[in-house]
Each structure stands twice: as C-alpha cells, then as structure tokens.
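Here are my notes on the model you sent, set out as numbered points. They begin with the surface and the chain as a whole, then turn to the empty spaces and to a few individual residues.

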Amino acid sequence: MDYVLKPLGIFARAVYCVGRNYAAHAKELGNAVPTEPVIFLKPTSSLSRTGWQIVRPPQSKRIDHEVEVVVVMGGGGKNIREENAMDFVSGFAVGIDVTARDLQEEAKKKGLPWAVAKGFDTFAPVSDIVPKAECAEGPWDFSLSVNGQMRQKATTADMLFPIPRLIHYLSTLFTLSPGDLIFTGTPEGVGPLQPGDKVVAEAFKGKARLELKVE
C-alpha cells in the first residue's frame with residue numbers, strides 16, 4: 001500500500017536517497033568523493049513529519065542527523081532529460097536522513113547494504129511541501145540545529161550532482177512516478193542525536209520547516 005503523507009495529499013511511492021553528494025561530507029566520514037551519484041532507498045514506513053518524535057531503535061547505540069533538501073516529483077517517466085528535468089518537479093521540502101551510524105559502519109565493513117541503518121520507522125522526517133512556484137530559483141540554503149545550536153548549514157550550490165542531474169540519473173535506473181521523494185544528500189556537520197534533543201531543520205527561507213524531538 002502506498003504511504004499517504006498526510007496532510008500533504010501526496011502518495012510517496014518511493015523514497016530515493018543520494019549519498020555523498022557534498023564533498024566535505026564524504027570526506028568527514030572518510031569516504032572517497034564519488035564520480036557518479038551514490039543511490040540508496042528508504043522504505044516508505046520510515047517517513048514521518050514535523051511534530052513527531054525520532055525513535056531511537058534498540059538495535060543501535062548511535063543515530064545521526066543528516067539534513068537534506070527533498071525533491072517531490074510531480075511527473076514521472078524513464079530516461080528524463082537533464083535539461084527539462086525540473087519540469088517534472090512539483091515542489092520541495094526539507095528532510096532529515098536519520099542514520100543508525102554504528103549499524104551503517106558495520107555494514108560498510110562487511111560490504112553489506114545500508115537498508116537497515118537507514119530504514120527504521122521515523123528515520124525519514126519530511127516537512128510540509130513548498131510548491132515549486134513558491135520557491136525562488138536555486139541555489140537554496142538549508143540548515144539543522146540541535147537544542148538551538150547550529151549543526152549543519154549549507155547551500156545546494158555545493159552539490160556534486162545538481163538536482164536536474166540526479167533526476168536524470170535516477171530515471172535511467174528506475175521509472176519515476178508522481179509523488180516520489182528524492183533526498184538529495186547532506187552537507188558536512190552530521191552528528192549524533194541523544195534522547196530529549198530538539199531538532200529543527202529549515203530550508204527555502206523558513207517555508208519548509210521541521211521540528212522534532214528525539215525519543
């Protein structure tokens with residue numbers, strides 16, 4: 001069953017995520033800077049929204065925040081051309097790719113997928129959607145603070161692979177559909193979250209905003 005992200009009125013059929021799309025973030029985790037997009041997926045059951053809690057799973061001893069600009073697809077298709085990829089976008093949001101870092105590092109050492117580390121319930125909070133028409137032309141600034149302290153602040157101008165390139169690339173691998181979400185990558189400054197932390201993420205001059213607490 002498709003996950004209905006209420007009250008946004010969209011059907012999130014798939015949640016695509018881009019890893020290591022900011023060079024400084026790749027380096028801070030000791031990863032090579034990629035030459036093509038690194039793609040992984042989250043289950044739709046990991047989606048949550050502002051006002052919810054981020055639930056720490058018992059399987060993990062460390063969960064990290066990774067703030068990202070999220071693309072909401074309004075159209076779909078296969079082999080979408082980069083030059084008109086933005087025509088397929090209906091809006092944007094700010095999201096957090098919550099990651100069980102200890103589980104991810106263990107999986108990386110074993111050459112295993114990241115699905116478990118990325119896919120727990122509440123691990124993909126997404127703000128209300130800002131229609132594309134209400135967003136000034138990019139690049140866009142976005143940020144995340146924990147307990148009032150700024151942890152991440154960046155601009156999409158620093159992406160290794162810009163949004164049109166990501167849409168094109170994803171569409172060569174998968175058939176994209178209206179309502180699909182694309183988490184476009186996180187900048188440097190990722191860090192751990194503790195029980196009771198208050199997390200605030202913003203983008204598009206405050207039009208997109210997430211406020212959550214860590215359970």
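1. The chain exposes about 9700 Å², and carbon and sulfur atoms supply 52% of that area. Please keep in mind throughout that this is a predicted model, and that every value below is computed from it. As for burial, 52% of the 215 residues of the chain count as buried.

2. On the overall fold, the chain contains four helices and 18 strands. Its radius of gyration is 16 Å, close to the 17 Å that the globule rule gives for 215 residues, so the chain is as compact as a globular protein of that length. The C-alpha trace spans about 45 × 35 × 35 Å along its principal axes. If one takes the contacts between residues at least 6 apart in sequence, 77% of them join residues at least 24 apart.

3. The next points concern empty space. Rolling a probe the size of a water molecule over the atoms shows where such space is left. How much space lies in the largest pocket? The value is about 340 Å³, and the lining is made up of 20 residues, with Asp141, Ala203, Phe204, Lys205 and Gly206 lying nearest the centre of the pocket. Two or more residues of this lining come from each of strand S13 (141-146), strand S14 (149-155) and strand S17 (198-203), and S13 gives the most, with five residues. By class, the lining of the largest pocket divides into 11 nonpolar, three polar and six charged residues.

4. Two of the residues nearest the centre of that pocket, Phe204 and Lys205, deserve a separate look at their backbone. Most residues other than glycine have a negative phi, and most peptide bonds are trans. Phe204, however, has a positive phi, near 55 degrees, without being a glycine, and Lys205 likewise has a positive phi of about 55 degrees although it is not a glycine. Phe204 is found in the loop between S17 and strand S18 (208-214), and Lys205 also lies in the loop between S17 and S18.

5. Are Phe204 and Lys205 buried or exposed? Phe204 has a relative accessible area of 6%, which is under the 20% cut-off, and therefore counts as buried. Lys205, at 87% relative accessibility, is over the 50% cut-off and so counts as exposed.

6. The second largest pocket has a volume of about 160 Å³. Its lining consists of Met86, Gly138, Pro139, Trp140, Thr156, Ala157, Met159, Pro162, Ile163 and Pro164, which by class amounts to eight nonpolar, two polar and no charged residues.

7. Within that lining, Gly138 and Pro139 can be examined further, since the peptide bond from Gly138 to Pro139 is cis, with omega near 10 degrees. Pro139 is found in the loop between strand S12 (130-131) and S13, and S13 is the strand that gives the most residues to the lining of the largest pocket.

8. How many cavities of 30 Å³ or more does the structure hold? There is one, and the volume of the largest cavity is about 110 Å³. Its lining has 17 residues, of which Arg20, His25, Glu66, Gln104 and Trp114 are the closest to its centre. Strand S3 (15-19) and helix H2 (101-110) each supply at least two residues of this lining, and H2 gives the most, with three residues. By class, the lining of the largest cavity has four nonpolar, six polar and seven charged residues.

9. A last residue to consider is Ala23, which has its place in helix H1 (residues 23-28). At 24% relative accessibility, Ala23 falls between the 20% and 50% cut-offs and so counts as partly exposed. Leaving aside residues up to four places away in sequence, Ala23 touches Val33 and Leu160. Ala23 and Glu188 are 165 residues apart in sequence, and their C-alpha atoms are 8.3 Å apart in space.

Notes
Residues numbered from 1 in each chain as written. Predicted model: local features only at pLDDT ≥ 70, side-chain atom pairs only at ≥ 80, totals over all residues. Heavy atoms only, no water. 1 Å grid on protein atoms, 1.4 Å probe; cavity = no way out; pocket = protein on both sides within 12 Å on 5 of 7 lines; lining within 4 Å. Points joined across faces, edges and corners; volume = space filled by probe spheres on them. Nonpolar A, V, L, I, M, F, W, Y, C, P; charged D, E, K, R; others polar. Rg over C-alpha atoms; globule rule 2.2 N^0.38 Å. Buried < 20%, exposed > 50% of the residue type's maximum accessible area, 1.4 Å probe, protein only. Contact = heavy atoms within 4.5 Å. Areas by Shrake-Rupley, 256 points an atom, 1.4 Å probe, with all protein chains shown as cover.
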